[in-house]
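Colleague: Before I set anything up, please take me through the fold and the charged side-chain pairs.

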Amino acid sequence: MLIAGFPAGAWGTNCYLVAPAAGEECVIIDPGHQAAQGVEEAIGKHRLKPVAVVLTHGHIDHVASVVPVCGAHDVPAWIHPADRYMMSDPEKSLGRSIGMPLMGELTVGEPDDVKELTDGAKLELAGLELSVAHAPGHTKGSVTFRMPETADVPPVFFSGDLLFAGSIGRTDLPGGDMAEMLDSLARVCLPLDDSTVVLSGHGPQTTIGRERATNPYLRQVAAGLGADADAPRRGM
């Protein structure tokens with residue numbers, strides 16, 4: 001399996017291209033702010049053919065390049081319906097203006113083909129299987145994507161802004177909810193095997209085992225104690 005990832009734009013949002021191998025079809029996950037050039041470089045380097053864009057949630061730092069990337073390759077974008085409005089109205093999802101200079105760089109709107117994600121769906125794309133889990137807390141329409149273990153890689157979990165190395169996503173923006181975040185952590189993350197590789201929306205990769213042992217939020221959720229409001233949170 002090939003997973004090519006890079007941090008993009010002002011928020012350092014991780015964008016991933018996933019394929020069975022170099023020279024084959026691929027899925028693009030979260031092409032955010034200023035990600036289009038990095039996507040094209042990865043496509044050229046690994047000789048990939050995109051078939052879809054899939055989105056963990058609708059915040060502008062994860063979707064800002066969806067329109068140009070989908071348009072360049074004539075592929076659909078998949079997003080949960082609760083976050084779909086954010087592609088056309090990113091400021092509403094932040095509860096504030098993100099600034100005219102930044103907005104001037106963005107192509108706000110939906111690509112020509114938008115498909116909606118549902119909890120428990122299994123997407124068969126580019127010869128890959130992505131299991132979708134609805135995981136609200138950061139936004140109402142946040143989802144994660146899980147890929148099963150293969151001969152060459154352990155299970156892989158694209159957590160978006162649900163779970164980070166040592167932290168979780170913030171819950172203070174419109175649509176955020178700490179109680180929902182805790183429920184998502186317990187329901188979606190805790191059942192995963194310790195060997196599962198976590199590729200999150202921001203920051204370095206980690207594993208479920210490492211986070212189960214060290215992440216203050218996951219540890220407290222596992223213990224049924226709730227989260228420490230003073231522990232650090234990340235994401236836009």
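**Burial and charged pairs**

Modeller: Of the 236 residues in the protein, 53% are buried. This is a predicted model.

Colleague: How many helices and strands does the protein have?

Modeller: Helices and strands are both present in the secondary structure. The totals are 8 helices and 15 strands.

Colleague: Of the contacts between residues at least 6 apart in sequence, what share joins residues at least 24 apart?

Modeller: The contacts counted here are those between residues at least 6 apart in sequence. Within that set, the share joining residues at least 24 apart is 62%.

Colleague: What part of the exposed area do carbon and sulfur atoms supply?

Modeller: The protein exposes about 9500 Å². Carbon and sulfur atoms supply 50% of it.

Colleague: Which residue meets Lys 140 in a salt bridge, and where does that residue lie?

Modeller: The protein has 7 salt bridges by the rule applied. In one of them, the side chain of Lys 140 meets that of Glu 180 at 3.1 Å, N to O. The pair links distant parts of the chain, 40 residues apart, with Lys 140 in the loop between β8 (128-134) and β9 (143-147). The partner, in helix α6 (residues 178-189), is Glu 180.

Colleague: Why is Lys 140 classed as partly exposed, and what is the value for Glu 180?

Modeller: Partly exposed covers relative accessible areas between the 20% and 50% cut-offs. Lys 140 is classed as partly exposed because its relative accessibility is 37%. Glu 180 is also partly exposed, and its relative accessible area is 25%.

Colleague: In the salt bridge between Arg 170 and Asp 172, which residue counts as exposed?

Modeller: The side chains of Arg 170 and Asp 172 meet at 2.7 Å, N to O. Arg 170 has a relative accessible area of 26%, so it is partly exposed. Exposed requires over 50%. At 54%, the residue that counts as exposed is Asp 172.

Colleague: About how many helical turns separate Arg 187 and Asp 183?

Modeller: Their side chains form a salt bridge at 3.3 Å, N to O. Arg 187 is partly exposed at 37% relative accessible area, and Asp 183 is partly exposed at 43%. Both residues lie in helix α6, 4 residues apart, so the separation is about one helical turn.

Colleague: Which residues are linked with Arg 84 in a network of salt bridges?

Modeller: The pairs above were each described as a salt bridge between two side chains. Arg 84 belongs to a network of salt bridges. The residues linked with Arg 84 are Glu 110 and Glu 116.

How values were computed. Residues numbered from 1 in each chain as written. Predicted model: local features only at pLDDT ≥ 70, side-chain atom pairs only at ≥ 80, totals over all residues. Heavy atoms only, no water. Helix = DSSP H or I, 4+ residues; strand = E, 2+ residues; numbered from the N terminus. Buried < 20%, exposed > 50% of the residue type's maximum accessible area, 1.4 Å probe, protein only. Contact = heavy atoms within 4.5 Å. Areas by Shrake-Rupley, 256 points an atom, 1.4 Å probe, with all protein chains shown as cover. Salt bridge = Lys/Arg side-chain N within 4 Å of Asp/Glu carboxyl O.
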